Amino acid sequence: IHLGASLNPDETPSNPTRANPREEEELSIDRLIERHVFGVEPREVRIRGGTNTVTVYVANPALADGTWLEHELRAYREPRHFSTDPAAAWSVVDKVHADHPTWRFALSCTGGGKQWRASLYTFDPHDDSGGSVEGQAKHATRELAICIAALRAVGCPESDIETATSERRGG
């Protein structure tokens, strides 16, 4: 049974609904980044004073069951907006570099300013080849180029990336 943060007037406490309904299998670039880069899986947290739960995207153990009111959890109900928010996208670069200190990041704009290319590559000062590419992507926005390159670098299945980007395009 999935519990919800609010009950409809005709529901009984034995048959609650989820307050934050979503497709459990839905893939998005932001959800993939949370999972593969930041290691955050969505989890259910019980609302203080009841048995209803809400799905949150946060690894912080301080967000424990039964200690927070629903309005206090709003900021955690969706993944961060890595694929559209420049600051969040740069946090992806920072996290990948923290986890892989020998990797370097490159970002360039090509195609007359219409295409961004992001690359994560292994840097070895003793290797004249310039290093090996861990992940690379081209996209119309720098945020999506960063996210897709990071997902490829950390080993996210290409089929998941393709599904998430095709859903974003609407099909």
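Student: Hello! Where is the place of Ser-28?
Tutor: Welcome, and keep in mind that we are looking at a predicted model. Ser-28 is buried, with a relative accessible area of 18%. As for its place, Ser-28 sits in the segment before α1.

Student: How far from a polar atom of the side chain of Ser-28 does the backbone nitrogen of Arg-31 lie?
Tutor: Arg-31 belongs to α1 and is one of its buried residues. The pair to look at is the backbone nitrogen of Arg-31 and a polar atom of the side chain of Ser-28, and their separation is 3.0 Å.

Student: Which residues in α1 are buried?
Tutor: Good one to check by eye! Of the 8 residues of α1, 6 are buried, so this helix is largely enclosed by the rest of the structure. The buried residues in α1 are Ile-29, Asp-30, Arg-31, Leu-32, Ile-33 and Glu-34.

Student: How many residues apart in sequence are the parts that Glu-78 and Arg-31 tie together?
Tutor: The side chains of Glu-78 and Arg-31 form a salt bridge, with 3.3 Å from N to O. Glu-78 is in the loop between β2 (53–56) and α2 (86–99), while Arg-31 is in helix α1 (residues 29–36), so the bridge ties together parts whose separation in sequence is 47 residues.

Student: Is Arg-31 buried or exposed?
Tutor: A residue is called buried when its relative accessible area is under 20%. Its partner Glu-78 has 38% and is partly exposed. Arg-31 has 11% relative accessibility, so Arg-31 counts as buried.

Student: Which side chain meets that of Arg-80 in a salt bridge?
Tutor: Arg-80 is partly exposed at 38% relative accessibility, whereas its partner is buried at 1%. The N to O distance in this salt bridge is 3.1 Å, and the partner of Arg-80 is Glu-34. Arg-80 lies in the loop between β2 and α2 and its partner in helix α1, so parts 46 residues apart in sequence are tied together by Arg-80 and Glu-34.

Student: How many salt bridges does the count come to?
Tutor: Besides the pairs we have met, the side chains of Glu-143 and Arg-142 also meet in a salt bridge, at 3.3 Å from N to O. Glu-143 is buried at 9% relative accessible area, and Arg-142 is partly exposed at 31%. The count comes to 7 salt bridges.

Student: Which residues is Tyr-76 in contact with, leaving aside its neighbours within four places in sequence?
Tutor: Find Tyr-76 in the loop between β2 and α2, where it is partly exposed at 30% relative accessibility. The C-alpha atoms of Tyr-76 and Leu-63 are separated by 9.7 Å, with their positions 13 residues apart along the chain. Leaving aside those neighbours, the contacts of Tyr-76 are Thr-55, Val-56, Tyr-57, Val-58 and Leu-63.

Student: Now the sheet: which strands stand at the edges?
Tutor: Strands of a sheet pair through backbone hydrogen bonds, either parallel or antiparallel. Here there is an open sheet of 3 strands, paired antiparallel in the order β3-β4-β5. Each edge strand has a single partner, so one side of each is left without a neighbour in the sheet; these edge strands are β3 (103–110) and β5 (132–139).

Student: Over how many bridges do β3 and strand β4 pair?
Tutor: You can spot one facing pair of residues, as Thr-110 stands opposite Gln-115 in β4. Strand β4 covers residues 115–122, and its pairing with β3 is antiparallel, over 8 bridges.

Student: Which strands does α3 touch as it packs on the sheet?
Tutor: Helix α2 packs on the sheet too, touching β3 and β4, and its direction makes about 150° with that of β3. For α3, the direction makes about 150° with that of β5, and the strands touched are β3, β4 and β5.

Student: In what order do the elements of the protein run from the N terminus on?
Tutor: The secondary structure comes to 4 helices and 5 strands. Reading from the N terminus on, their order is α-β-β-α-β-β-β-α-α.

Student: Last one: over which residues is the pLDDT below 50?
Tutor: The mean pLDDT of the protein is 81, and 80% of its residues reach 70 or more. Among the elements, helix α3 (residues 142–153) has the highest mean, 97, and helix α4 (residues 158–168) the lowest, 88. One stretch has 52 contacts in the model beyond near neighbours in sequence, yet its pLDDT is below 50: residues 1–25.

Methods:
Residues numbered from 1 in each chain as written. Heavy atoms only, no water. Salt bridge = Lys/Arg side-chain N within 4 Å of Asp/Glu carboxyl O. Helix = DSSP H or I, 4+ residues; strand = E, 2+ residues; numbered from the N terminus. Buried < 20%, exposed > 50% of the residue type's maximum accessible area, 1.4 Å probe, protein only. pLDDT = per-residue confidence, 0-100. Contact = heavy atoms within 4.5 Å. Polar contact = N/O pair within 3.5 Å; in protein donor to acceptor, adjacent residues only side chain to side chain. Pairing = 2+ DSSP bridges. Axes fitted to C-alpha atoms, helices over the stretch in contact; angles between N-to-C directions.
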